[in-house]
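The exercises below each set a task and then work through it step by step. Keep the sequence and the structure in view while reading.

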Amino acid sequence: MMQLALELARQAAAAGEVPVGAVVCRGDQVIAEACNRREATNDPTAHAEIVALRDAGRVLKSWRLDGCSLVVTLEPCPMCAGAMVNARIERLVYGAADPKMGCARTLHRLCDEPRFNHRMQVVSDVLAEPCGKVLTDFFRSRR
């Protein structure tokens, strides 16, 4: 699933978007996939995770994404981590840590905050090097 998310991140980069890809799956079944769409849609909430969660909700006809995992190339920001908690995602798998906005492990632990009504399993650093490289290459090309 992370390989698919990486391909989505590369597609985002080619479109001029910050290269982040996300996949919502249940077991081996892909429910939804997305990449960042903020530039294309002029929508500050169009992060890959949010777009994938919205699509998954439409596919499953429920806002509760019970039993689903979200696989994403970059550690989620506070908005995305909060959306995953609200969607009842069972497991988050992410690639590269985000020292500026990461709220699954780096800056905060929103995904398994004990005071929230839902917590999820978090798996970090999956293919972290290639996930980080696609971001580094993108920003290097912009400078």
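**Exercise 1: the strands and their order**

Leu74 stands opposite Ala96 in β4. This is a predicted model, in which local features need pLDDT of at least 70 and side-chain atom pairs count only at pLDDT 80 or more, while totals for chains, interfaces and linings use all residues. Residues are numbered from 1 along each chain as its sequence is written, and side-chain values use heavy atoms, with hydrogens and water left out.

Task: work out the order of the strands in the sheet and how neighbours pair.

Step 1. Fix the terms. Strands (E, at least two residues) and helices (H or I, at least four) are DSSP runs, numbered from the N terminus. Two strands pair if DSSP finds at least two bridges between them.

Step 2. Take β3 and β4. They run parallel and are joined by five bridges. Besides Leu74 with Ala96, Val71 has Val93 in β4 as its bridge partner.

Step 3. Take β1 and β3. Four bridges pair them in the antiparallel sense, and Ala22 has Val72 in β3 as its partner.

Step 4. Take β1 and β2. These run antiparallel and are joined by six bridges; Val24 stands opposite Ala32 in β2. The two strands form a hairpin with two residues between them, and Gly27 in the turn has a positive phi of about 65°.

Step 5. Put the order together. The sheet is open, has five strands in the order β2-β1-β3-β4-β5, and its pairing is mixed. β2 and β5 (121–123) are the edge strands, each pairing on one side only.

**Exercise 2: two helices side by side**

Task: describe how helix α1 and helix α5 are placed against each other.

Step 1. Find the angle and the distance. The axes of α1 (residues 2–14) and α5 (residues 128–142) come within 10 Å and cross at roughly 5°. Axes are lines fitted to C-alpha atoms, for helices over the stretch in contact, and angles run from 0 to 180 degrees between N-to-C directions.

Step 2. Name the arrangement. The angle makes α1 roughly parallel to α5, a label for angles under 35 degrees (over 145 is roughly antiparallel, 65 to 115 roughly perpendicular, the rest oblique).

Step 3. List the residues that meet. From α1 these are Met2, Leu6, Ala9, Arg10 and Ala13; from α5 they are Pro130, Cys131, Val134, Phe138 and Arg142. Contact means heavy atoms within 4.5 Å.

**Exercise 3: buried or exposed**

Task: is Thr73 buried or exposed, and what does Thr73 touch?

Step 1. Locate Thr73. This residue is found in strand β3, and six of the six residues of β3 are buried.

Step 2. Apply the cut-offs. Buried means under 20% relative accessible area, exposed over 50%, and partly exposed in between (1.4 Å probe, protein chains only). Thr73 is buried because its relative accessible area is 0%.

Step 3. Look at the contacts. Not counting residues up to four places away in sequence, Thr73 touches ten residues, among them Met2, Leu6, Pro19, Gly95 and Cys131.

Step 4. Set Leu4 beside Thr73. Leu4 lies in helix α1 and is partly exposed, with a relative accessible area of 26%. Leu4 touches Val23, Val30 and Glu33, not counting residues up to four places away in sequence.
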